[in-house]
Amino acid sequence: MDPKKPRDSAESESARGAAQFPDEVLERVLSLLASHKDRSAVSLVSKAWYHAERWSRRRVFIGNCYSVTPEIVARRFPNIRSVTLKGKPRFSDFNLVPQNWGADIRSWLAVFADRYPFLEELRLKRMTVTDESLKFLALKFQNFRALSLLSCDGFSTNGLAAIATRCRNLTELDIQENGIDDISGDWLSCFPENFTSLEVLNFASLSSDVEFDALERLVSRCNSLKVLKVNRTITLDQLQRLLVRAPRLTELGTGSFLQELNAHQYSELERAFGGCKNLHTLSGLCEAMALYLPVLYPACANLTFLNLNDAALQHEELAKLLLHCPCLQRLWVLDTVGDDGLEAVALNCPWLEELRVFPANPFDEEVNHGVSESGFLAVSYGCRRLHYVLYFCRQMTNAAVATIVQNCPDFTHFRLCIMNPGQPDYVTNEPMDEAFGAVVKTCTKLQRLAVSGLLTDLTFEYIGRYAKNLETLSVAFAGSSDWAMQCVLGGCPKLRKLEIRDCPFGNAALLSGLEKYESMRSLWMSACKVTMNGCEVLARERPRLNVEVMKDEESSDGQQYKVYVYRTVAGPRRDAPPFVLTL
Amino acid sequence: MGSGGGSYEKDLNLEATELRLGLPGTTSSTAATDQEPEARQARNNKRSLVDRCEEEASEDASRALQKDHDSAPSSKAQIVGWPPIRSYRKNSLQTKKAETETSSSGIYVKVSMDGAPYLRKIDLNVYKGYSNLLKALENMFKFTIGEYSEREGYKGSEFAPTYEDKDGDWMLMGDVPWEMFMTSCKKLRIMRGSEARGLGCAV
């Protein structure tokens, strides 16, 4: 259908189309579309397609909960079964957003109870969820199946108890990295004895003891359980008992890997792992003792994702483990493995696509710990399929990065964090401009970039000029003037999320994006040189943006602000706390 | 100050002369909660005078150490939200750090020596391994231990270093890996004379 055709001929064409394609058929066809980007495109074709699409849509993804109201969503999409919502700006993960900022799920649930009584799935990221909301959810939605809470706050284990008690058809309970009040592990015992539908259970980030017998019985009777991630209180011999009851697991998160085992227990555990032939994801391994890692080997043949975030392994232990993981595609490690460990990765993981290296001691200034440019280099030589990297290090060079992206030109996500703010190339003492210049010039598919180190405006000139597919950019302690931000806003056509902290960008930079912000999801600027005046101008010129300003308590002169700008059809939010000023 | 507090003493001097900027609200709460279990652990029913003095010194030192670890790496003020680690991970990292490095849940065990008038107390976390610990014990009680061999135990002296494990059994030190020893050791006893030789001999 030619989008340039005048409107009524498009409609009559679609009317003809509709005559050939009854609505039900069109809806049926469109219902097979999964991607929400495809669906958005489809809805723009014509009125008939718009309506067919909205009636057939079952899942909705809302990247910023304040960009729209629940009423608007419900009005457009009457048949939703699954909702994914993201709330606070990402920098709230790093304590840059005060408590009680908002993004409460409450008002959404109230509308959903009325309009989507058959809601089955709720996936929330960075939202505030209270126990009352969880109880409401458990009570009002009879068909509720899947709850996933990532980086949320506001609830306690009592809320989880309500979910376990009442949601008879629950298939998924996925609680990750939330700021929650962990009162007790009793919630797990609330699953009724005749409850058998669970397929996904992840409580790895909770710290209270659960009643092990209840967990064992639960795992026994839930024959479809595919994903089990337990917390640290589960010991190795308890794990063994769970594994023999759930050999069909595809994802396993172990509890504590630190326990004295006698020879019998050791071989039983090894046998249990040997029985897990379907494991593709493994995590946990808290405080893993090198002595016991070999019990895992029989289960690693099909492993594609190994998450060693909680196991401070040394390089020898990692090397031995990797020998048994021939299919590894994603690896998360702590930097305790060092550059030597990364060399082992390079040697043993030819199919590796994603590598994340986290710092074991992020607040430690000593350069001798952790990983450096040589580890990253080694991986780039050995793992040519690498396209996603998150790398925390204490030193880096321009030359290394240039070589790395030459070896791996297919990066889609390049997130480099040189932990000392504003640190130059440690060999040449120059800014790291050329490093990121090489990244954006070579990696044409780059979607997400996080920069660090000493950076001048030149880095951002490169980004604006070359990063044509860039969607997300994170900047901290970088740049010399407004020109840097202007380059980015003027250059990157696909930019959706821009988050900036502690950079010398002021009103001129902010206002250079006037034409851009409505095509983006959001902009965050904190500890920059923006003034209230600049924000007011922006708000005045662009009424379809919400321009929210918070006073920055940490700033020395009391004049700095945290600015959060986002497009919205909902108008200024009505639940803004007193410290958030909407201009 | 005894040898148990030796390394703390060194660190205490360093910290005392350093300027430190702690931002308001930077994990001072974890400092508070971590101190409680430490205090509880340190207050024992039966303690000698020497023990008590040593422990108070260790506590002061570890509290100072703890403040250092919680607030900032030496001279820099800690920047809020940097490095960009998720708050959840940061909290679990910090409690881990506090636990292992400042021994707020420290592994304090009594050490008795056959024939000595009073017991001592040491923190196992301070030592890096068996040889480190044994040297410290040799210094503390003024004796020599002898060479360890798997077959014969500690040959060449009338002393044998033993420990009581979680099951209540008296074990010869050195047989199991250091980490395992640290988690299972309840108290130490330096045995002497024929009893010692009995333990060391192959059966």
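Student: How many disulfides does the structure hold over all chains?

Tutor: Zero. A disulfide here is a pair of cysteine sulfur atoms within 2.5 Å, and no pair fits. Before we go on: this is a predicted model, where local features need pLDDT of at least 70 and side-chain atom pairs count only at pLDDT 80 or more, while totals for chains, interfaces and linings use all residues. Residues are numbered from 1 along each chain as its sequence is written, chains are lettered from A and ligands numbered from 1 in the order in which they are written, and side-chain values use heavy atoms, leaving out hydrogens and water.

Student: How do you know that Cys222(A) is in no disulfide?

Tutor: Look at the nearest cysteine sulfur: that of Cys167(A), and it's 14 Å away. Set that against the 2.5 Å limit, and Cys222(A) is out. For Cys276(A), the nearest cysteine sulfur belongs to Cys300(A), 10 Å away, so no disulfide there either.

Student: What makes Cys222(A) buried?

Tutor: Its relative accessible area is 3%. Buried means under 20%, exposed means over 50%, and partly exposed is in between (1.4 Å probe, protein chains only). So 3% earns the word buried, and so does the 2% of Cys276(A).

Student: Why does Asn100(A) count as exposed, then?

Tutor: Its relative accessibility is 69%, and that is over the 50% mark, so exposed it is. Asn100(A) also has a phi near 60°, a positive value in a residue other than glycine. You'll find Asn100(A) in the loop between β2 (82–86) and α6 (106–115) of chain A. Those labels come from DSSP runs, numbered from the N terminus: helices are H or I with at least four residues, strands are E with at least two.

Student: And what makes Asn429(A) exposed?

Tutor: A relative accessible area of 59%, which is over 50% too. Asn429(A) has a positive phi of about 65° although it isn't a glycine, and it lies in the loop between β16 (413–418) and α16 (433–442) of chain A.

Student: Why is α16(A) called roughly parallel to α17(A)?

Tutor: α16(A) and α17 (residues 457–466) of chain A pack at about 5°, with their axes 8 Å apart. Axes are lines fitted to C-alpha atoms, for helices over the stretch in contact, and angles run from 0 to 180 degrees between N-to-C directions. Under 35 degrees counts as roughly parallel, over 145 as roughly antiparallel, 65 to 115 as roughly perpendicular and the rest as oblique. So about 5° gives roughly parallel.

Student: How do the residues of that contact of α16(A) with α17(A) divide?

Tutor: Six are nonpolar, two polar and three charged. Contact means heavy atoms within 4.5 Å. Nonpolar covers Ala, Val, Leu, Ile, Met, Phe, Trp, Tyr, Cys and Pro; charged covers Asp, Glu, Lys and Arg; the others, Gly among them, are polar. So Phe436(A) goes with the nonpolar ones, and Asp433(A) with the charged.

Student: How do the side chains alternate along strand β1 (residues 59–62) of chain A?

Tutor: Val60(A) and Ile62(A) point to one face and are buried, while Arg59(A) and Phe61(A) point to the other and are not.

Student: What makes β1(A) and β2(A) a pair?

Tutor: Two strands pair if DSSP finds at least two bridges between them. β1(A) and β2(A) have four, in the parallel sense, so they pair. In that pairing, Arg59(A) stands opposite Ser82(A) in β2(A).
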